[in-house]
Amino acid sequence: ALENPASPEVESSPALSLFARPGDGGIRTRKVAVLVAHGVEGASLGKVVSALRAAGAVPRLIGARLGTYVGIGGEKFAADATMENSPGVLFDALVLPDGEGAVAALDADAHTLEFVRLQYWHCKTILAFGASETLLAEAQIPMTMSDGSPDPGLVLAAPDAADEAIADFIDAMGKHRHFGRENDPPKG
């Protein structure tokens, strides 16, 4: 017969707690997934990548496949990873692009919705430019917290307010995670 000895009491360790050691509020060395597809709106994507690098973060362009994607203005973006070989849990935050064509291409790929859901369920910061708000709806991401208040880790960027949204995104990333949205098991 197997015995079930009484479990020893587990002690809390501040050294291992994200709550006790939330960081310094900066985003230096944080990995940020920036999804790309053909037809992406390049100006806002270029701005966010530059701002993240200037703040010390590590943006990675992620596509359905490795290779070069062409934006609506002819800009070229080289994806150095795919959603299949670099799942959402490997990143500290997510940027969803604007551009109707890019959003349609991303929406047609089931990996995109899984990627977005994983970022949300793991309480990571998400920035959605313009048309990519559709991806949030498709992934069944709530726009507010369960109490109806705004989700501080979900930043929506209007086309005319990209700079402000990027600053808000970087500030939200500095909080590391947004545990107020934690739901075990996750809905959806």
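Me: Which residues of helix H2 (residues 100–107) are buried?
Reply: A helix here is a DSSP run of H or I with at least four residues, a strand a run of E with at least two, both numbered from the N terminus. Buried means under 20% relative accessible area with a 1.4 Å probe, protein chains only; exposed means over 50%, and partly exposed lies in between. In H2, the buried residues are Ala102, Val103 and Leu106.

Me: Why do they sit on the same side of H2?
Reply: The arc is taken from the directions from the helix axis to the C-beta atoms. The three buried residues are on the same side of H2 because they cover an arc of only 100 degrees.

Me: What kind of model is this?
Reply: Residues are numbered from 1 along each chain as its sequence is written, and side-chain values use heavy atoms, leaving out hydrogens and water. Local features need pLDDT of at least 70, side-chain atom pairs count only at pLDDT 80 or more, and totals for chains, interfaces and linings use all residues; this is a predicted model.

Me: In what order do the six strands of the open sheet lie?
Reply: Two strands pair if DSSP finds at least two bridges between them. The edge strands, S5 (81–82) and S8 (154–157), each pair on one side only. The pairing is parallel, and the order is S5-S2-S1-S6-S7-S8.

Me: Which residue of S2 is the bridge partner of leucine 35?
Reply: Strand S1 (residues 31–35) and strand S2 (residues 58–63) pair in the parallel sense over five bridges. In S2, the partner of leucine 35 is isoleucine 62.

Me: Which helix gives the most to the largest nonpolar core?
Reply: Such a core is a set of buried Ala, Val, Leu, Ile, Met, Phe, Trp, Tyr and Cys residues joined through side-chain atoms within 4.5 Å. This one has 49 residues; Val32, Val48, Val95, Leu96, Leu127 and Phe169 touch the most other members. With five residues, the top giver is helix H5 (residues 162–173).

Me: How wide an arc do the buried residues of H5 cover?
Reply: Ala162, Ala165, Ile166, Phe169, Ala172 and Met173 are buried in H5. They lie on the same side of H5, because their arc is only 125 degrees.

Me: Which residues are exposed on the other side of H5?
Reply: The buried residues of H5 have cover that includes S1, H1, S6, S7 and S8. On the other side, the exposed residues are Asp163 and Glu164.

Note on methods
Contact means heavy atoms within 4.5 Å.
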